[in-house]
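Welcome, and please have your viewer ready with the cartoon and side chains within reach. We will go from stop to stop, selecting a few residues at a time.

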Amino acid sequence: MATVYKELQPVDAYKTILSQPFSNYDRQLLTLFYQPLIGSEAMSLFMTLWADAEQENELEYTHYHLMNLLTRPLGPILEARISLEAIGLLRTYTKKEGEARSFLYELSPPLDAKAFLEDPLLSTFLFSKIGEQAYRSLRNRFAVITEKSSDYIEVSRTFLDVFKPVSQGVVPIDEDDVKVLGRQVAKGIPFVNSDFDFSLLQSGLSEQMVPRSSLRKVSQELIAKLAFLYSLSPLDMQKVIMMALDEDLQIPEVRLRRAAADFYKMNVSKTPPVLEKNFTQDPPPVKHAEKMSREDEYIYYLENTAPVDMLRDRNGKEPLSVDVQLAERLINTHSLPVGVVNVLLDYVFIRNDGKITNNYVERIASHWMNKKVETAKEAMDLSRKEHDEYMKWKNEGQKKTSYKRKSTHEEIVPEWFNKKDENPKEKPKKKNVEMDERRRKLREELQQMSRGGK
């Protein structure tokens with residue numbers, strides 16, 4: 001089974017919650033700032049989960065629901081989920097109850113424009129994706145362009161100017177354990193860089209040149225982000241910090257970010273750094289590092305394709321709703337893996353002259369459930385082994401006639417089904433070989449006897 005199914009399966013349940021209510025401003029930020037970074041598939045997944053979370057009743061779905069809505073296999077959906085986690089828009093929790101596994105997806109709000117553009121990783125990532133002109137245009141769109149004139153004096157009233165407490169014998173409100181949802185500050189990207197050596201950084205900075213009090217005011221996360229982004233060592237960051245010092249021997253974050261960018265341009269490259277995804281799914285196992293066989297490729301296809309897509313590929317057109325509902329029932333109600341369902345539907349489609357009969361499918365499915373079939377490979381092997389029995393079941397479901405008509409059409413059998421007939425073992429001609437050997441020895445003995453007689 002493909003590696004993705006060890007982490008996520010279509011039958012796994014999920015529900016979605018919002019860490020706080022989202023606004024139209026959040027939608028703008030997601031579309032303009034985050035979408036270029038995470039891509040359209042991750043954006044579609046986020047919007048779909050957002051729609052699920054806004055329902056009045058918290059409903060639980062299976063991931064097969066997502067596969068149908070997004071019309072994508074499970075692998076790309078998992079990659080999209082991981083992209084959302086890495087960028088700080090999603091937190092994923094899981095629990096297991098017996099054999100059942102469920103997930104809780106908590107959507108987090110995006111950083112506001114100011115926080116996003118001040119983050120060195122996100123701002124540089126966005127710059128490399130959309131280019132300088134689009135980046136400047138986007139930054140100007142969210143810039144503060146309204147300035148209050150010095151001619152105006154604020155005359156707003158305060159709370160105490162308007163309200164005062166009046167005692168009327170009202171019973172105070174009891175404090176309880178009810179938690180009220182409030183506006184939270186977006187946490188940004190989850191970033192942990194344990195490889196950066198802060199002790200080496202500090203050891204090379206003298207107290208006279210860089211006071212420890214000034215260095216402690218600088219966020220270690222910011223230093224680690226800059227070092228990661230520009231591939232700077234602790235020794236390089238010492239020079240960056242020296243460049244960022246102001247006249248008061250302080251290290252403002254704005255000057256530190258600018259100094260890191262200048263150091264990178266002078267010593268590394270004049271083109272901005274580019275961030276690339278480091279996450280890749282493990283490839284399917286290949287025996288002896290050889291090219292996958294056609295059967296292995298087909299198994300991989302079955303394990304990573306939604307049944308509705310498999311039926312569409314098999315028919316060359318949109319499948320009937322009854323066939324789709326049957327596939328969903330096998331997955332959601334009977335918890336059969338997607339790969340097993342695909343093999344079952346494909347087998348019945350071929351052996352039943354292109355017709356997928358519910359009773360026939362469910363009878364085989366019951367047999368496979370009792371046999372605890374978990375993978376497409378196991379299902380294929382069992383269908384070969386029990387083929388004669390399944391054909392009897394098929395004939396039992398058809399009307400019996402007084403004569404048997406020979407089929408006039410040739411069944412189109414998939415290559416994997418006939419794999420069992422490849423490389424047939426030759427039957428040893430043991431008896432013939434032994435007889436020839438005995439005859440040969442007998443002739444030699446007769447020749448020797450004739451020579452001795454002479």
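## The whole chain

Of the 454 residues in the protein, buried ones make up 38%; buried stands for under 20% relative accessible area, exposed for over 50%, and partly exposed for what lies in between (1.4 Å probe, protein chains only). This is a predicted model, in which local features need pLDDT of at least 70 and side-chain atom pairs count only at pLDDT 80 or more, while totals for chains, interfaces and linings use all residues. Residues are numbered from 1 along each chain as its sequence is written, and side-chain values use heavy atoms, with hydrogens and water left out.

Colour by secondary structure to begin. The protein has 20 helices and four strands, taken as DSSP runs numbered from the N terminus (helices are H or I with at least four residues, strands E with at least two). Now show the surface: the accessible area is about 30400 Å², and carbon and sulfur atoms account for 51% of that. These areas come from the Shrake-Rupley method with a 1.4 Å probe, and for residues only the protein chains shown count as cover. Among contacts with a separation of 6 or more, 72% are between residues 24 or more positions apart, a contact being heavy atoms within 4.5 Å.

## Stop one: the sheet

Select the four strands. They form an open sheet in the order 2-1-4-3, with mixed pairing; two strands pair if DSSP finds at least two bridges between them. The edges are strand 2 (61-62) and strand 3 (90-97), each with a single partner strand, so one side of each has no neighbour in the sheet. Zoom in on strands 1 and 2, which run antiparallel and are joined by two bridges. Here tyrosine 14 stands opposite tyrosine 61 of strand 2.

## Stop two: aromatic rings

Next, show the Phe, Tyr and Trp side chains. There are 13 aromatic pairs in the structure, counted when ring centres lie within 6.5 Å (for Trp, the six-membered ring); planes under 30 degrees apart are stacked, over 60 edge-to-face, and the rest tilted. Pick phenylalanine 22 and phenylalanine 46: their ring centres are 6.2 Å apart and their planes are at 0°, so this pair is stacked. Phenylalanine 22 sits in the loop between strand 1 (13-18) and helix 2 (24-53), and phenylalanine 46 belongs to helix 2, so the pair ties together parts that are 24 residues apart in sequence. Phenylalanine 22 is buried at 13% relative accessibility, and phenylalanine 46 is buried at 0%. Then select Tyr25, Phe33, Tyr34, Phe116 and Phe142, which form one aromatic cluster.

## Stop three: salt bridges in helix 4

A search of the whole structure finds 15 salt bridges, each a side-chain nitrogen of Lys or Arg within 4 Å of a carboxyl oxygen of Asp or Glu. Select helix 4 (residues 74-87), where arginine 81 and glutamate 85 are four residues apart, about one helical turn. Their side chains meet in a salt bridge with an N to O distance of 3.0 Å. Arginine 81 is buried, at 6% relative accessibility. Add Glu7 to the selection: Glu7, Arg81 and Glu85 are linked in a network of salt bridges.

## Stop four: helix 14

Move on to helix 14 (residues 307-315), whose buried residues are Pro307, Val308, Asp309, Met310 and Leu311. Their cover includes helix 3 (63-70), helix 13 (294-303), helix 15 (321-332) and helix 16 (338-351).

Which residue forms a salt bridge with aspartate 309? Arginine 312 does, with the closest N and O atoms 2.5 Å apart. The two lie three residues apart in helix 14, about one turn. Aspartate 309 is buried at 16% relative accessible area, whereas arginine 312 is partly exposed at 28%. Arginine 312 also meets glutamate 318 in a salt bridge (2.9 Å, N to O), and glutamate 318 is exposed at 53%. Just after the helix, look for glycine 316, with a positive phi of about 80°.

## Last stop: a nonpolar patch

Finally, select Phe159, Leu160, Val162 and Phe163, which make a nonpolar surface patch of about 500 Å². Patches are made of residues with over 30% relative accessible area and no salt bridge, with like charges joined within 9 Å and nonpolar side chains (Val, Leu, Ile, Met, Phe, Trp, Tyr) within 5 Å. Within this patch, valine 162 lies in helix 7 (residues 159-162) and is exposed, with a relative accessible area of 54%.
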